[in-house]
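Welcome! Please take a look at the chain below, and then let us walk through it together.

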Amino acid sequence: MKKTSPLLLALSGFIILFSFIFAKPFLASAELVLDANGEPLQWFNNYYVSPHIWGPTGGGLSLGTLNNNSCPHYVIQEKSEVQRGLPIKFSPVFSRFIFVTTNTPLTIQTINETECIESLVWKLVKESTGLWLVSTNGTASPGTEGITSRFVIERIGTSFPAYKIVFCLPTIPTSCKGLGRYFSEDGERYLAWGDEIEPFPVVFFKETSLSATTSSQVIRTVA
């Protein structure tokens, strides 16, 4: 009988322990995440993220820049309700289930062409002002380098399904907060996280053929 290498056993134990520690903040009862048509979201499909109430609250999520820096991009909300923004896709961190479920660690990537060398995977970054914003240049890795790119989806309400995208600091379940909007002085709406940020309820639309008037394909430069 072939003996198992002590190093392999040690690595296996570390991986199991690591997975438990960093998945623990997200452990809770899970249910299917549904799109606006009542269909379950699937990993790696493209979806638009929109406010759960259509109207003057603005449009879908897109990409912009900060302080005239062309890269990396930041996640912003379109100002007009007729703009659906850019599609995103969800990728699982640990799950092997084909559908996206609530309280399941995942990564989010905006789908768009870009001149930046950075990835378009979302990542939480702390600016010099102390404000936490959602930027790109994240990683889908399940290791420690992917901690700031790890989110979960939580349901809001019990009737028409609305959701919030949540970030938790690893090993600190009480740190879980929904992503919300930070309104800058020039009127931009950045996706942000923190004690002073009110969670932003959203719904998901599966990507379809949209006209140029409803789908944003341009990454705006914001002063």
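The protein chain has one helix and 13 strands, where helices (H or I, at least four residues) and strands (E, at least two) are DSSP runs numbered from the N terminus. Along the sequence, the helix comes at the start of the pattern α-β-β-β-β-β-β-β-β-β-β-β-β-β.

This is a predicted model, in which local features need pLDDT of at least 70 and side-chain atom pairs count only at pLDDT 80 or more, while totals for chains, interfaces and linings use all residues. Residues are numbered from 1 along each chain as its sequence is written, and side-chain values use heavy atoms, with hydrogens and water left out.

How confident is the predictor? The mean pLDDT (confidence in each residue, from 0 to 100) is 83, and 80% of the residues reach 70 or more. Two stretches fall lower, with contact meaning heavy atoms within 4.5 Å:

| Stretch | pLDDT | Contacts in the model |
|---|---|---|
| Residues 1-27 | below 50 | 23, beyond near neighbours in sequence |
| Residues 209-213 | under 50 | five, beyond four places in sequence |

Where pLDDT is low, the predicted coordinates should not be read in detail.

Of the 223 residues in the protein chain, 44% are buried, that is, under 20% relative accessible area (exposed is over 50%, partly exposed in between; 1.4 Å probe, protein chains only). Among contacts with a separation of 6 or more, 61% join residues 24 or more positions apart.

Finally, visit Phe 97, in the loop between strand 4 (88-92) and strand 5 (106-110). Phe 97 has a relative accessible area of 44%, so it counts as partly exposed.

Terms used
pLDDT is the predictor's confidence in each residue, from 0 to 100.
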